[in-house]
Amino acid sequence: MSQQRKFFVGGNWKMNGSKQSIEGIAGFLKTGPLDPKTEVVVAPPTCYLEYTRKTVDAKVGVAAQNCYKVASGAFTGDISANMIKDLDCEWVILGHSERRNVFGESDQLIGEKTKYALSQGVKVIACIGEKLEEREGGKTEEVVFRQTQAIIENISADQWVSVVIAYEPVWAIGTGKTATPEQAQEVHEKLRTWLADKVSSEVAAAVRIIYGGSVNASNCKELATKGDIDGFLVGGASLKPDFVQIINARQN
Ligand code: PGA
């Protein structure tokens, strides 16, 4: 079944980089070689969206790291999906755990942002994931289903082709503590089964569920062998040439 889902690797640069470092990243991505069977997207800080779009190869997608739920207005500091589109960028990351936990974004707001971005033709990497205490309290499924439910309620079944779900357990992000391939696969599989029930079996079979949280060049290959892991969202390692190895995780 995973054959129908194109492997997807996103690089989330977070609040890092400069024009100079972006040139370096564009350089190692150009040298690659990158597995043509992998869809690659990089997410620079907002101020570098346009520069990144102009600097990286056209075949690499560019994502914003966030955007608001309307086209324009009195929302100081924010950007809209219309602006992302205007810069010829294709994607936006929504609901990243840092947006949820540092900036207090709710499931509801993330659902509304997803709805608006898709309505403007901007594709969405929708992030979900439980905190350590939630995992230890046996609440992983409850949390990821609740977070995904807020997305489901805001979009139609035909819009799922423009959504990638990123399962990122909060305890694994930036900690060097990756979920084991079995732990990640278990959540991805349960989520897919749940989506079949809540949306449709077609959407569940087709939607890409990628894993994020301390993915690196050494652990990516084993994670990529799992049937329901359709790629990665990579933070720290996406700033380094190791990112190429992660993009190529499905190659021998
Ligand atoms: P990390 O970040 O790879 O540095 O853990 C992943 C993410 O936050 O998307």
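The legends below describe close-up views of a predicted model.

**View 1. Residues around the ligand in the predicted model****.** The ligand is surrounded by 13 residues, of which Lys14, His96, Glu168, Gly174 and Ser214 come nearest. By residue class, this shell consists of four nonpolar, seven polar and two charged residues. The site of the ligand is the second largest pocket.

**View 2. Polar atoms of the protein beside oxygen atoms of the ligand****.** In the side chain of Lys14, an N or O atom is 2.7 Å from an oxygen atom of the ligand. Ser214 places a backbone N or O atom 2.8 Å from an oxygen atom of the ligand. For Gly236, a polar backbone atom is 2.9 Å from a ligand oxygen atom. On its own the ligand has 280 Å² of accessible area, and the protein covers 94% of this area.

**View 3. Backbone at Lys14****.** Lys14 belongs to the loop between β1 (7-12) and α1. Its phi is near 55°, a positive value in a residue other than glycine. The side chain of Lys14 also supplies the N or O atom that is 2.7 Å from an oxygen atom of the ligand.

**View 4. The cis peptide bond between Gly32 and Pro33****.** Omega of this bond is about -10°. Pro33 is part of the loop that runs between α1 (19-31) and β2 (38-43).

**View 5. Backbone at Asp88****.** Asp88 is located in the loop between α3 (81-86) and β4 (91-94). Phi of Asp88, a residue other than glycine, is positive, near 65°. Asp88 counts as exposed because its relative accessibility is 56%, and the cut-off for exposed is over 50%.

Terms used:
Residues are numbered from 1 along each chain as its sequence is written. This is a predicted model: local features need pLDDT of at least 70, side-chain atom pairs count only at pLDDT 80 or more; totals for chains, interfaces and linings use all residues. Side-chain values use heavy atoms; hydrogens and water are left out. A residue is near a molecule or strand if one of its heavy atoms lies within 4 Å of it. A polar contact is a pair of N or O atoms within 3.5 Å; within protein, one must be able to donate a hydrogen and the other to accept it, and residues adjacent in sequence count only if both atoms are side-chain atoms. Accessible areas come from the Shrake-Rupley method with a 1.4 Å probe; for residues, only the protein chains shown count as cover. On a 1 Å grid over the protein atoms alone, a cavity is a set of points where a 1.4 Å probe fits but cannot get out, and a pocket is an open set with protein on both sides within 12 Å along at least five of seven lines; lining residues have an atom within 4 Å of a point. A molecule sits in a cavity or pocket if more than half of its atoms lie within 2 Å of its grid points. Ala, Val, Leu, Ile, Met, Phe, Trp, Tyr, Cys and Pro count as nonpolar, Asp, Glu, Lys and Arg as charged, and the others, Gly among them, as polar. Helices (H or I, at least four residues) and strands (E, at least two) are DSSP runs, numbered from the N terminus. Buried means under 20% relative accessible area, exposed over 50%, partly exposed in between (1.4 Å probe, protein chains only).
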